[in-house]
Amino acid sequence: MSVLQAVRGTRDLLPPETALWNHIDATARRVFERYSFGEIRTPILEETQLFARGVGEETDIVSKEMYTFTPEPGQSLTMRPENTAGVVRAYIEHQLGETGQLQKLYYIGPQFRRERPQKGRYRQFFQIGAEVIGPPSAGSESPLRDAEVLEMLATLLSELGISGWKLLLNSVGSATDRPRYVQTLRAALEPVVSSMCEDCQRRAVTNPLRVLDCKHAEDQPIIAKLPRIWDSLDEGSKEHFATVCAALDACGVPYEHDHRLVRGLDYYTRTTFEFVSGDLGAQNALLGGGRYDGLSEALGGPRAPGIGFAIGEDRLVLSLQARNKQASQLAAAYIAPLGDRMNPAALVLARELRALGLRVELGDGSFRLKKSFETGNKLAYSIVILGEDEAASGILTVKHFASAEQFKVSRAELGQKLSALLNSNN
Ligand code: HAM
């Protein structure tokens, strides 16, 4: 019988890597809370129409990457390829605009796209995202919201220990600017597109903006000469963009104006951005986002401008691993009972230390001391020896592996001492 494996493009996450994922989740939640975001959890399954109308029929995502099925005649469901459309659907469905306040919502969860799998690109991947959305009277269109979201991202990346990122920033203009630019672009592409790559030839017909994403070296000189979206923007969009930039300058968040950053989803208006990272290879976008002032209305809701982002958590993990900043996988202590008879006492000691919040590995009394030291050295920062003498006197022998320091400590002070050693390692 053939052995079953995880579906292509999906994968199991195992310890110790899952500890890193949990560390990232916890850091993101902590940072989001400081900016007054609350968590939203929307279903993985949505009506297919949501993405067709929200993300756009002509986008790569909707036209060829969605997992769509028909559970019963007349019903079409899709496993969410992204979460912004779902959040805006929930905003409309629960009339969150009625509060008159900005809604600041974050989410962490799996998304599904039938893309060609490669490093950093999966068919089930995880996003950590956030959206700020609300009625215009709540200030949802303000460029300050854009700047605050970008500053929050810079803070989150710094707290995660990710440096060396580049923030690419652009404006794709208002709902009327964009079609105007697409028209200009179509006209400019017409005489040159036949000498471009196959993808560009297809995109020039279906979705000309995607031509700007082309990575083919031979096409670059042609693309460099195409008209820029900036020249199709109205004054309001240009001013909005300039105000976002000024606010970023004021708080010292560096960025680069990338005229080609149009992003692959149709709902964007005005600000678009990506954070790219050098240690990710071809799939170098750590996160992406932007403003979507017309999305709520496109889904049949009230006017509710918004801005948000989604971080590719799989890529964040790759980036942290590449930097060797893996959250420590070692326990604070490995408890080595001397002889089987000490096993119950060792379990009690482990329980005491774990109650103090320490991570503890419990050895086994059948191990010889040499084996305990070898195992302890692999699993923990320190080893604690528990023999009959130690149990009777309450004075334990500890060896800290990194410093090779060996000392005796009273049971009452053991937890404190192990915590101090842990901090000196991190
Ligand atoms: P997106 O650019 O399609 O935007 O995805 C955001 C991030 O998700 C990407 O930058 C990347 O890190 C990660 N990602 C996308 N596809 C994959 C994949 N196949 N494998 C691994 N990671 C992937 C959105 O999804 C928008 N909803 C973002 C947004 C929120 N805009 C406004 N609010």
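**Ligand shell and nonpolar cores**

Strand 10 supplies six residues to the shell around the ligand, the largest share. The structure described here is a predicted model, and the surroundings of the ligand are considered before the protein interior.

In this model, 27 residues surround the ligand, and the closest of them are E82, E115, E131, R263 and Y268. Sorted by class, the shell consists of twelve nonpolar, eight polar and seven charged residues. Polar atoms of the protein approach the ligand at several points: for E82, a polar side-chain atom is placed 2.6 Å from a ligand nitrogen atom, whereas for R113 a polar side-chain atom is found 2.9 Å from an oxygen atom of the ligand. Y122 contributes through its backbone, with an N or O atom that lies 2.8 Å from a nitrogen atom of the ligand. The ligand taken alone would expose 660 Å², of which 96% is buried by the protein. Two or more residues of the shell are given by each of strand 6 (residues 124–133), strand 10 (residues 285–291) and strand 11 (residues 306–312).

Turning to the interior, the largest nonpolar core comprises 46 residues, and the members that touch the most other members are F32, F273, F275 and F309. Helix 5, which spans residues 143–159, gives the most to this core, with a contribution of eight residues. The contacts of F32 illustrate how distant parts of the sequence are brought together: when residues up to four places away in sequence are not counted, F32 touches F37, Y106, I128, G129, M152, L156 and F309. Another core, of 39 residues, lies apart from the largest one and includes V55, V172, L209 and Y268. Y268, a member of this other core, is also listed with the closest residues around the ligand.

Outside these elements, A138 is located in the loop that runs between strand 6 and helix 5, that is, between a strand that gives residues to the ligand shell and the helix that gives the most to the largest nonpolar core. The relative accessibility of A138 is 22%, and A138 therefore counts as partly exposed. With residues up to four places away in sequence not counted, A138 touches G100, Q101 and L102. A138 and N343, which are separated by 205 residues in sequence, lie 63 Å apart in space when the distance is taken from C-alpha to C-alpha.

Notes. Residues are numbered from 1 along each chain as its sequence is written. This is a predicted model: local features need pLDDT of at least 70, side-chain atom pairs count only at pLDDT 80 or more; totals for chains, interfaces and linings use all residues. Side-chain values use heavy atoms; hydrogens and water are left out. A residue is near a molecule or strand if one of its heavy atoms lies within 4 Å of it. A polar contact is a pair of N or O atoms within 3.5 Å; within protein, one must be able to donate a hydrogen and the other to accept it, and residues adjacent in sequence count only if both atoms are side-chain atoms. Accessible areas come from the Shrake-Rupley method with a 1.4 Å probe; for residues, only the protein chains shown count as cover. Helices (H or I, at least four residues) and strands (E, at least two) are DSSP runs, numbered from the N terminus. Ala, Val, Leu, Ile, Met, Phe, Trp, Tyr, Cys and Pro count as nonpolar, Asp, Glu, Lys and Arg as charged, and the others, Gly among them, as polar. A nonpolar core is a set of buried Ala, Val, Leu, Ile, Met, Phe, Trp, Tyr and Cys residues joined through side-chain atoms within 4.5 Å. Buried means under 20% relative accessible area, exposed over 50%, partly exposed in between (1.4 Å probe, protein chains only). Contact means heavy atoms within 4.5 Å.
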